[in-house]
Amino acid sequence: MSDIKEKVRFGFTVNKDRQIDYDANSKKLASTVIIAEPSLNLCISCGTCAATCTAAQFTDFSLRRLILLVRRGEVSGLENEVTKCMLCGKCQLVCPRGVNTRNLILQIHKALKNTVL
Amino acid sequence: MTFNLFVIPFFGGMLFLLAVIIIRFTAWLATLDRSGRKKLGHGLLNGQIFPATWEVFMESLLHRRMFRQNKLLGFMHMSFAFGWFLLIVMGNLESRIYSGNHLNPPYYPIFLKFFVHDKRALPFELYTLPGFFRFIMDFLLLFILSGLVLAFIKRTRSKWFGMKRTTQHNKLDKWAITSLWLIFPMRLLAESFTAGVYQGGGFLTNTLGMAFASFLPVEHLYYPAWWAYSIALGVFFVTLPWSRYMHIPTEVLLIYLRHFGIKTGKKPDSFTDIEIHSCPRCGVCIDVCQMNYAGKTDATPAYFLRSLRYGKQNAIQDANCMLCGRCHQVCPVQIDTVGIRMASRYIDNVLVSPSYNYLDSIQIPEPRVDMLYFAGCMGHLTPSVKKAMVKILDASGENFSFMDEDGSVCCGRPLMMAGLPEAAGELIRKNTETIVKSGAKTFVTSCPICFKVFSEEYKLPGIEVLHHSQYLLRLVESGKIKVDASPVLAVYHDPCELGRGSGIFEEPRRLLNKMVCLADISQQREHALCCGGSVGDLAMNYNERTVIRDEALKILLEPNPDLLVTACPLCKKTFDNGSDVMVMDLAEIVSERMPESSDSTLFEAPVTQSRQQASLSQEAGKEVKFPVCNPELR
């Protein structure tokens, strides 16, 4: 039966219903980072940064995802994520919104160490 | 009589100053790192002390670099430094001859005219030059006072001294400068009054003294004037170690240490502290700093170093700098402002700890080649440059490999600029491994940012690191590539990291002169502007960068060129977004001027366009100037 269901869906699946849980998430990090680098507010999550990223050629690092997670407050595991950036600055050059991405990365690094989440 | 109570402010101040300087210098030298101490030891023994002493004479006394900056500024400074130095030397000689004693109290020569006022010529002078000392001491005083007058004028007419802006001093500096400015007028008054009473003095003090005596009770005035002179000296000496005037002793130490080969470290250490204390806040760097355009005057080196010295700097001040090095270029003390900025970022970013474990898993290809080409991260954002380079290299028949064709590990320079040398070290290790394994003898990169770190920080034995401007010139001059000339009028923008950063000014110009008409601009070579796109700055936002870029473009496009040429992908990308004139990289021009090139129409298009614009503005009554650099071609 399940086999037939799978076939009807043509291999597509539907993600489990999920919502942002503010009991578990913390927006503290985002607010700290925004004060330190206000241009984060300009980000429209277009993903141009992730597409050009030097580190992304070797890892699954994505600045777009990183920013989304920071904004949502899903901060667990971010520490290992942000360390992959080589700070080369390509993302800053391609960003259509003029986000100061290099400083953003540095500020996320610092906020992760400084903020009690 | 060789003592009077009024010498105490001077003498106390002098002893205090000496004690502070000895303590500071000892502390600095004792806390040099191991390699610094080693270099200090070697330097003292291997004769470096002589060129260093010569530089101390030329810079600390004659102020050669200040003269180069502006003649009036140089004279003003020299009159203070060299004039005062000579006054001390001659005063000492004079007092020795007067007293017939080699060991006089240190205050004796300073206040000699108070203690000795007989007019009899000295035995020494009697047979050589009568009245020599009376003349020379007055002349030197006049020399210093002329500098003082200039310093007064500079307060309101700084433009005469080649400075648009001057440093806004803090309270302590104002105390110090006031006392310094009072010293010599007070000396003049004290000596003149004394000369008025005792009919002594030279051409200046005697004349003035007699004039004063005719309408002033000089016999009551001369003693308080000596007190005022001594107090001015005392206040200056006591404020000196905490004011800008600490640069006087510290610069001497700095020059010696620099000659011994000590350089600014990657982290703040005692050498950076010496450099910080050597800054006189003369403000020459303020005008050249492009951060002014972005309204960030407090980030200019004079203020930045001041904040650093008093522990008041913040991370934003550290981050607000494009590391272009224009300030270092003009600095009369040659303080490594760029290095200090990077070192202080080290402290700011001490919590930033990247980890690049994934580098180990990257497979290194093993093609045996003669030459490696590295486009660099920024190079990948200007694909036309990459394409041009590949085309040229193919045509030259070079056995090459495109090291980062499918993406690269960053060179590490951006991390170093952010004050993260350890993290950069990881990238450097990986790239070194890749380069060495390739077996290449030549390594060529298109990116000056990469070039600087590859040539300075990488240890690549037997491998020559070149920027593509150098390599392309070599190809053209050796005949491996042929290029033809064109009537295009171009200006060349020196990228910071290539020009000032690595000293490469000539190669790009020699190469360009074979292909285009090169016009001079007002700010070029060592004085070239930063494009505003620098990865050196961490804090500026996009709009502020745009302002800096547009100001730079104004100067670059002054000669009305058809083409703006640069040799850095980041400069190209930055200018591209704001220039009406076509922006091209050197490599692109070479590729298009190769005879077999089919796409030279692209090269002609901007020319036609800018000619049309020029004729339009000529019709509109505007004057259009085209510098003639190669009349045959134009």
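Is A:Ser45 buried or exposed? A:Ser45 is buried, with a relative accessible area of 19%. The cut-off for buried is under 20%, so 19% falls on the buried side. This is a predicted model, and what follows describes its two chains, A and B.

**Two loop residues in chain A**

A:Ser45 sits in the loop between α2 (28–36) and α3 (48–52) of chain A. Its phi is near 55°, a positive value in a residue other than glycine. Most residues other than glycine have a negative phi. A:Leu87 also has a positive phi, near 65°. A:Leu87 lies in the loop between α5 (78–82) and α6 (90–94) of chain A. A:Leu87 is buried too, at a relative accessible area of 4%.

The table sets these two residues side by side.

| Residue | Loop in chain A | Phi | Relative accessible area |
|---|---|---|---|
| A:Ser45 | between α2 (28–36) and α3 (48–52) | near 55° | 19% |
| A:Leu87 | between α5 (78–82) and α6 (90–94) | near 65° | 4% |

**Where the chains meet**

How many residues of chain A are in contact with chain B? There are 27, and they meet 33 residues of chain B. The area buried between the two chains is about 2,400 Å². Carbon and sulfur atoms give 64% of that area. On the chain A side, A:Met86, A:Leu93 and A:Arg102 supply 24% of the area that chain A buries against chain B. No other three residues supply more.

**Chain B as a whole**

Chain B has 634 residues, and 57% of them are buried. Its secondary structure comes to 29 helices and eight strands. The C-alpha atoms fill a box of roughly 95 × 65 × 45 Å along the principal axes. Chain B exposes about 27,400 Å², with carbon and sulfur atoms supplying 59%. Now take contacts in chain B between residues at least 6 apart in sequence. Of these, 74% join residues at least 24 apart.

**The sheet**

Four strands of chain B form an open sheet in the order β6-β5-β7-β8, with parallel pairing. The edge strands are β6 (517–519) and β8 (582–585), each of which pairs on one side only. Neighbouring strands are turned by 40° against each other on average, direction ignored.

Strand β7 (residues 563–566) of chain B has a partner on either side. It pairs with β5 (residues 489–493) in the parallel sense, over four bridges. In that pairing, B:Val491 stands opposite B:Leu564. Four bridges also join β7(B) to β8(B), again in parallel. There, B:Val565 has B:Met584 as its bridge partner, and B:Thr566 has B:Asp585.

Which residues of β7(B) are buried on each face? On one side they are B:Leu563 and B:Val565; on the other, B:Leu564 and B:Thr566. Both faces of β7(B) are therefore covered, as residues under 20% relative accessible area count as buried.

**A helix enclosed by its surroundings**

Helix α27 (residues 569–576) of chain B has eight residues, and six of them are buried. The helix is therefore largely enclosed by the rest of the structure. The buried six are B:Pro569, B:Leu570, B:Cys571, B:Lys572, B:Thr574 and B:Phe575.

**Nonpolar cores**

B:Phe575 also appears in the largest nonpolar core, which has 131 residues. B:Phe575 is among the residues with the most contacts inside it, together with B:Tyr373, B:Phe443, B:Phe454, B:Leu512 and B:Val590. Helix α7 (residues 101–114) of chain A gives the most to this core, with six residues. A second, separate core has 85 residues, including B:Tyr108, B:Ala151, B:Tyr245 and B:Val288.

B:Phe454 shows what such contacts look like. Leaving aside residues up to four places away in sequence, B:Phe454 touches B:Phe374, B:Cys411, B:Asn431, B:Ile435, B:Phe443, B:Leu460 and B:Val465.

**A buried alanine**

B:Ala225 is found in helix α11 (residues 218–239) of chain B. At 7% relative accessibility, B:Ala225 counts as buried. Beyond four places in sequence, B:Ala225 touches B:Met186, B:Leu189, B:Ala190 and B:Phe193. B:Pro9 is 216 residues away from B:Ala225 along the chain, yet their C-alpha atoms are separated by 13 Å.

How values were computed: Residues are numbered from 1 along each chain as its sequence is written. Chains are lettered from A and ligands numbered from 1 in the order in which they are written. This is a predicted model: local features need pLDDT of at least 70, side-chain atom pairs count only at pLDDT 80 or more; totals for chains, interfaces and linings use all residues. Side-chain values use heavy atoms; hydrogens and water are left out. Buried means under 20% relative accessible area, exposed over 50%, partly exposed in between (1.4 Å probe, protein chains only). Two strands pair if DSSP finds at least two bridges between them. Axes are lines fitted to C-alpha atoms, for helices over the stretch in contact, and angles run from 0 to 180 degrees between N-to-C directions. A nonpolar core is a set of buried Ala, Val, Leu, Ile, Met, Phe, Trp, Tyr and Cys residues joined through side-chain atoms within 4.5 Å. Contact means heavy atoms within 4.5 Å. Accessible areas come from the Shrake-Rupley method with a 1.4 Å probe; for residues, only the protein chains shown count as cover. Buried area is the accessible area (1.4 Å probe) that two parts lose on being put together, summed over both.
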